[in-house]
Structure formats: structure tokens, C-alpha cells
Amino acid sequence: MNRSAYALARFYAKLALRNPATLFAMGGAIGYTVLTSMDEATRLQHNGLRLNLLEAMFQIFDNPLYTTYGLFVPFLFIVSPLFYFKDMERLIAYRASQRSDLWIAKVLAIVQITIVFLSTAFLIALAITALQYPVAFEWSDAYAHLAKSSTNPAESPGYRVANAYLYQTHNPLLVLVLQVLLFFASFVLVGVLSVVFAQIFQRPAVTLILVAMYWIIAQTPAGIVPPVLTFLSPQAHLLLQTRSFAFPFTVSFLYLVPTLVLSFMLGQMKTKRAILG
């Protein structure tokens, strides 16, 4: 890989971020983040839960409706301009030293967009919650109490707030690091797969539908679809409430990272063929 890939990656990222649809998508994501953060803070305070800053942040990003409509949907609109560059790429390919640089540039652009997008959402949520919760790097007494009583969800109204497995095996700072890595891997995977599907099907609408199904299937009620299909959705690997000794963080990384690598290899192969076609 040479400098042309980095230069083209910046070009891709700028085109995507300057797209008019991106302004609406970012605005929607920011608005949804603000509302979700304020609503979660109000809910926790109404229940009298004295959590710390990291625990409050976990509640915001552990909301499947927020991660879907506040993050995934806007992100999909932001990366969608990367579906439409085939004719331009065919011209660039004749001047590029390596045609594989075109695909690497797209992936690098997706990485850049993911960092900007998720960082924006995280910093907004952090700014709102930091005004109301103390900073601490150990589990709070409130979280510990709920975690110890969370073995029976039916008897624990605060079950969604605390997780006994996390309390017993991780500290909040480690959970934060693992969640940041999982969010990053999941959204990069979604972006890469979106571009791969666009290359395969040559129809942006089909691409959007398939990627949306890939994500939203995690919200399907148990028993309607096989558990393996739910497991394949990146969203299923972002929810802290589902973590247990049978479903540790390691399982998620062992699925997401190889899937991302395979998607990258498939996209590189399809890009070379599409440019020459």
C-alpha cells in the first residue's frame, strides 16, 4: 500500500461526510443521543440509583433502540455514498499503481468515518452524564447491590441496570475499553459489508435492506428465528445485559474480527473484478 491509498481514503471520507444526507444523519444521531442520555439519566435518578459516570454511560449505549435508530441507521446513510463510485474508480484505476489500493482506501475511509461518528456520539453522551454522575473506576454500591440480586430477573426491577457476570469478572474501566473496541469493530464491519453487498448486487436499495436485516435481526423475539442468526448480528455483541459466563467478550471478538477480515478479503477480490469489468 502506498500514499495513493491514504490520499484516496481522505477523498472518500470527505465526499461521504460532506454529502447533504450526512448532515441530516449526523443531526439525527446527535439529537437521538441527547434525548437518550437525558432520558436515561432521568430514569436512573427517578429510581434513586446512585451510579457513577461509567455505569450511567453503559446504560445509554446498552439500549438496542438507541444503537439501532440513533447510531446504526444514521451511520448507514453516512457511508452510503461509498456505494456509487464505480465509474470514477474505473478511471482512477488506470493511473493507480495498484488497483487493490482502491479497496484499501475505501476501508480506511470507513474506519475514519466510524471514528468520527462514534466519537461524536460518545462525547455528547459523556458531556451530558458528566454533569450528573461522579467519576469512579470501581463499581458503585448501587450497582453492586443490583448485580447481587440480578440472578432472578423476575424479582429484580433493576435487572437491566446491573449484570452479575460483569460485576464479578471485570472492573468498569475494562468494560469501557472492551465496549469501545466492540462498537468500533461492529460499525466498521457494517460499513465494509455494505460496500461489499453494493458491489455484489449493484443495487443500493437491496444493500440497505440486507444490511438492515443483518443488524435488526438481533431484536427479533426469542423463538422466531434460530439463535445462530441472532448471534450473527453485530448488535447482539454490543449489549452488556446479555453478557454471562456462557457469552463472554472473547466470543464476540472471535466472531467479529475474523468476519471483518473475511469481508475485507471478499471486498478486495470484488473490487478488482468490478473495476476491470
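Helices α2 and α3 are oblique to each other, because their angle falls outside the named ranges (under 35 degrees is roughly parallel, over 145 roughly antiparallel, 65 to 115 roughly perpendicular, and the rest oblique). The axes of α2 and α3 (residues 53-61) cross at roughly 120° and come within 9 Å. Axes are lines fitted to C-alpha atoms, for helices over the stretch in contact, with angles from 0 to 180 degrees between N-to-C directions. Helices are DSSP runs (H or I, at least four residues), numbered from the N terminus.

This is a predicted model, in which local features need pLDDT of at least 70 and side-chain atom pairs count only at pLDDT 80 or more, while totals for chains, interfaces and linings use all residues. Residues are numbered from 1 along each chain as its sequence is written, and side-chain values use heavy atoms, with hydrogens and water left out.

**Helix pairs**

The crossing of α2 past α3 is right-handed (the near helix is turned clockwise from the far one by less than a right angle; anticlockwise is left-handed). On the α2 side the contact (heavy atoms within 4.5 Å) is made by T36, S37, E40, R43 and L44, and on the α3 side by A56, Q59 and I60. By class, this contact of α2 with α3 has three nonpolar, three polar and two charged residues. Ala, Val, Leu, Ile, Met, Phe, Trp, Tyr, Cys and Pro count as nonpolar, Asp, Glu, Lys and Arg as charged, and the others, Gly among them, as polar.

Helix α2 (residues 20-46) also packs against α4 (residues 64-79), with axes that come within 8 Å and cross at roughly 165°. The two helices α2 and α4 are therefore roughly antiparallel, and α2 passes α4 in a left-handed crossing. T22, A25, M26, A29, Y32, T33 and T36 of α2 make the contact with L65, Y66, Y69, G70, P74, F77 and I78 of α4. The contact of α2 with α4 has ten nonpolar, four polar and no charged residues.

For α3 and α9 (residues 172-201), the axes come within 10 Å and cross at roughly 30°. That makes α3 roughly parallel to α9; the crossing of α3 and α9 is left-handed. Here L54, F58 and F61 in α3 meet P172, L173, V175, L176 and F183 in α9. The contact of α3 with α9 divides into eight nonpolar, no polar and no charged residues.

**Cavities**

The structure holds two cavities of 30 Å³ or more. On a 1 Å grid over the protein atoms alone, a cavity is a set of points where a 1.4 Å probe fits but cannot get out, and lining residues have an atom within 4 Å of a point. Grid points are joined across faces, edges and corners, and a volume is the space filled by probe spheres set on the points.

| Cavity | Volume | Lining by class |
|---|---|---|
| Largest | about 70 Å³ | six nonpolar, three polar, two charged residues |
| Second largest | about 40 Å³ | six nonpolar, two polar, no charged residues |

Eleven residues line the largest cavity, and the closest to its centre are Q59, D62, Y143, V161 and L240. The second largest cavity is lined by M26, A29, I30, T33, F117, T120, A121 and I124. Helices α2 and α6 (100-130) each supply at least two residues of the lining of the second largest cavity.

Methods. 1 Å grid on protein atoms, 1.4 Å probe; cavity = no way out; pocket = protein on both sides within 12 Å on 5 of 7 lines; lining within 4 Å.
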